[in-house]
Amino acid sequence: MTTAVTTAVTTIYLNGHYLPLEDAHIPVMDRGFLFGDGVYEVIPVYSRRPFRLHEHLDRLQASLDSIRLANPHTPQEWEGLIARIVEQAESEDQGVYLQVTRGPGPRDHAFPKTPQPTVFILPLALTPPARELVESGVAAITAPDNRWLRCDIKATSLLPNVLLRQISVDAGCAETLLLRDGFLSEGSASNIFVVADGLLLAPPKSNLMLPGITYDVVLELARAHGIAHEVRPIAEAELRAACEVWLTSSTKEVLAVTTLDGQPVGDGRPGPVFRRMYAAYQDYKHTVMRGKEAV
Ligand code: PMP
């Protein structure tokens, strides 16, 4: 008897073509490969509806402007390309990864005269943190933020973030919280919020952090739900004395940090402000998924 074996084929988009992931190749002279000369986005998709798509496309535009690379597609074209990837992906929920590099050229730091950008779109599995993790919170560790001064660009050259993230992996922690000149900037792959004396604090957007899409959602929800908050620099001492610390990202959503550098944050459990925000975030997400709210 023969058994039919179905292997899931991941369809990706590369430079005008939809094709199986294993058939997708880029030239070795691509500047994304040689220099990390490119930018990217990760867009969460729930029930095949991209979440905050326009905001992600706006941030992509800002990143492209910052690296002086013309956007190869209009927002409408991006929507169409992403829609087709979302449609063909196996799962209803996905994280759509898209990347634009300055394309192939001679190995010269200077831009090619007429760049031919490489455009790549890949559906990734999206699994929001499990209930147990939401209820226990995660451990984090701090490290000096030794990245460059354009952390607002969502650049594919992620070596500093990779090294910083590995510090937490080696310590058995979920994230590395970054401190620069005595202030909290963000996590190696997330934004960070702090609750001090019942007040939710967020570091202001600047060149020292990525303007997170989830960061914006959390501040909007704080406003909508009357959660007292302030956007201002957070000193290292405030971080260490905080009753609550949260991390936010498109894939992690909102997660409580309950241990920092081996010390409990507050009473070592996700705090009351976190629980309110988590519930508000899930509500909002489900409303969006049901299509009752502008995504
Ligand atoms: N900061 C960094 C350095 C990140 O890599 C990420 C996640 N990509 C974030 C913040 C959070 O951004 P978002 O909420 O848009 O996922």
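## Ligand site and largest pocket

In this predicted model, an oxygen atom of the ligand lies 2.8 Å from a polar side-chain atom of Arg59. Two further side chains, those of Glu186 and Ser250, also make polar approaches to the ligand. The distances are set out below.

| Residue | Side-chain atom | Ligand atom | Distance |
|---|---|---|---|
| Arg59 | polar atom | oxygen | 2.8 Å |
| Glu186 | N or O atom | nitrogen | 2.6 Å |
| Ser250 | polar atom | oxygen | 2.8 Å |

The protein buries 91% of the 390 Å² that the ligand exposes when taken alone. The shell around the ligand comprises 16 residues, and the closest of these are Arg59, Lys154, Glu186, Thr214 and Ser250. Sorted by class, this shell holds ten polar, three charged and three nonpolar residues.

The ligand occupies the largest pocket. Strand 9 (183-187), helix 6 (213-224) and strand 13 (244-249) are the elements that contribute two or more residues to the ligand shell.

The largest pocket itself has a volume of about 900 Å³. Its lining is formed by 38 residues; nearest the centre of the pocket lie Tyr40, Lys154, Ser188, Ala189 and Ser190. Lys154 is thus named both among the residues closest to the ligand and among those nearest the pocket centre.

Several elements supply at least two lining residues each: strand 3 (38-46), strand 6 (118-125), helix 5 (159-170), strand 9, helix 6 and strand 13. Helix 5 provides the largest share of the lining, with four residues. By class, the lining of the largest pocket consists of 17 nonpolar, 14 polar and seven charged residues.

Methods: Residues are numbered from 1 along each chain as its sequence is written. This is a predicted model: local features need pLDDT of at least 70, side-chain atom pairs count only at pLDDT 80 or more; totals for chains, interfaces and linings use all residues. Side-chain values use heavy atoms; hydrogens and water are left out. A residue is near a molecule or strand if one of its heavy atoms lies within 4 Å of it. A polar contact is a pair of N or O atoms within 3.5 Å; within protein, one must be able to donate a hydrogen and the other to accept it, and residues adjacent in sequence count only if both atoms are side-chain atoms. Accessible areas come from the Shrake-Rupley method with a 1.4 Å probe; for residues, only the protein chains shown count as cover. On a 1 Å grid over the protein atoms alone, a cavity is a set of points where a 1.4 Å probe fits but cannot get out, and a pocket is an open set with protein on both sides within 12 Å along at least five of seven lines; lining residues have an atom within 4 Å of a point. A molecule sits in a cavity or pocket if more than half of its atoms lie within 2 Å of its grid points. Ala, Val, Leu, Ile, Met, Phe, Trp, Tyr, Cys and Pro count as nonpolar, Asp, Glu, Lys and Arg as charged, and the others, Gly among them, as polar. Grid points are joined across faces, edges and corners, and a volume is the space filled by probe spheres set on the points.
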